[in-house]
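Trainee: I am new to this structure and would be grateful for a close look at a single part of it. Please choose one place, describe its surroundings with care, and relate it to the whole.

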Amino acid sequence: MSPPQENLKSVFDRFQHVDGSVTSIENFGSGHINDTYKVTLLINGKDHHGQEKCYILQRINHEVFTRPVDVMDNIRRVTQHLAQKIRARGGDVSRETLTLIPANKDEEAPFVLQDQEDNYWRLYDFISGAKAFEIGEVSNSDNIEGGNPFFEAAAAFARFQRDVADLPPPRLHETIPGFGDSSLRFRQFQEELNRDAKGRAIDCQKEIQFCLSREQDTTLLSNLLKEGRIPERTTHYDTKINNVLLEDETGRGLCVIDLDTVMPGLAIYDFGDCVRAATALAAEDETDLTKVGISMETFRSLAAGYLSVARDFLTPIEVDHLAFAARIVTLTIGLRFLTDHLAGDVYFKTTRENHNLDRARTQLKMVAEMEAEMDKMKAIVEELRACR
């Protein structure tokens, strides 16, 4: 339930926004974790007659992000570094990265505040003339004012990775330890399978055996990291295409948003997660597995967009494993859904019986499809890595 308007305005006024009168506060976006509001302000002063200014006010879900101050410290450092990079190349800082609005000087933290109910809040400038598109709203045949949305979103994620590659020390906070570690997710799956607290394992033996037979795959990337063969990088960790704003006028990928999970990780995990989400032919919880599969056309668009930028900073071994990353990230998400099903649905919200099992089955079916198409996926990457 949304807080009363007067409460939202009270929180808003604890930030250093421009002087003006609030004309509306509305629910905004389609996010499932944080509560997001668009605040519209009529600016005071004779030089701004009738001029409006908009902001994005967010209540951070501190049950998911249990260290909200660390989350905000990561976001502050990353957005300030991005602003320097964008300014140096003559870009528009106000549109090409998120801009945090400071809290009032008497608040404890500079960019996040806590209310009387222990909720945590932040405020961003609103970026106009751009929109985030949901999966299903766009296809490869869509040209949003000229740009292929999958190409543009993937290129935007690659630019984000490139621009934060030289983020100065110290290392970002690992706000969710092991978030993208497939080997850790497999161990958690094994522990829950051995426990079988809800007696559910008997009804999903096919899915269990599918995962158990791929244990070795889950250690490959973490081993490459431990051996120093691929580098740790600043990672977005939530690279769905709806986390890129596409500019209305040009269709280009303008700004990467939703930075809550920015932390140390693997760049190719981001590519893999983007592929997992964008190439899916069916909903994440589809029960008819004959509808589940991947779009190779979309994979090509994503790979082309990503490598148009990333080929200049990824190592050869990272590029070699791009197609594999798509498969292992999809398997990892399937493991998480199956683990939660075995545990009794304690993490992911469910709306029906076996909801998490249905989700796991769609991911595992996609893994099987990717395995069947792996040679083609690798060939596409090889073709595109050499393009200029």
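Mentor: Two residues are said to be in contact when heavy atoms of theirs lie within 4.5 Å. By that criterion, among contacts in the protein between residues at least 6 apart in sequence, 73% join residues at least 24 apart. It should be said at once that this is a predicted model.

The overall frame comes next. The protein contains 12 helices and 10 strands. Its C-alpha atoms fill a box of roughly 70 × 55 × 40 Å along the principal axes. For 388 residues, a compact globule would have a radius of gyration near 21 Å, and the 22 Å of the protein agrees with this. Of the 388 residues, 54% are buried. The protein exposes about 18,100 Å², of which carbon and sulfur atoms supply 47%.

The place chosen for the close look is Pro 102. This residue sits in the loop between α3 (93-96) and β4 (113-114). Pro 102 has a relative accessible area of 28%; because buried means under 20% and exposed means over 50%, Pro 102 counts as partly exposed. When neighbours within four places in sequence are left aside, Pro 102 is in contact with Phe 15, Gln 16, Pro 110 and Phe 111. A further position may serve for orientation: Gln 84 is 18 residues from Pro 102 in sequence, and the C-alpha atoms of the two are 18 Å apart in space.

The strand that ends this loop, β4, leads to the sheet. Five strands form an open sheet in the order β1-β2-β3-β5-β4, with antiparallel pairing. β1 (20-27) and β4 stand at its edges with a single partner strand each, so one side of each has no neighbour in the sheet. In general, strands of a sheet pair through backbone hydrogen bonds, either parallel or antiparallel. At the β1 edge, 7 bridges join β1 to the antiparallel strand β2 (residues 35-43). Within this pair, Glu 26 stands opposite Lys 38 in β2.

Two helices lie across strands of this sheet. Helix α1 (residues 5-12) lies across β1, β2, β3 (52-60), β4 and β5 (120-125), and runs at about 120 degrees to β1. Helix α2 (residues 68-88) lies across β3 and β5, running at about 20 degrees to β5.

To return to the chosen place, Pro 102 is a partly exposed residue in the loop between α3 and β4, and β4 is an edge strand of the sheet.

Key: Residues numbered from 1 in each chain as written. Predicted model: local features only at pLDDT ≥ 70, side-chain atom pairs only at ≥ 80, totals over all residues. Heavy atoms only, no water. Helix = DSSP H or I, 4+ residues; strand = E, 2+ residues; numbered from the N terminus. Buried < 20%, exposed > 50% of the residue type's maximum accessible area, 1.4 Å probe, protein only. Pairing = 2+ DSSP bridges. Axes fitted to C-alpha atoms, helices over the stretch in contact; angles between N-to-C directions. Rg over C-alpha atoms; globule rule 2.2 N^0.38 Å. Areas by Shrake-Rupley, 256 points an atom, 1.4 Å probe, with all protein chains shown as cover.
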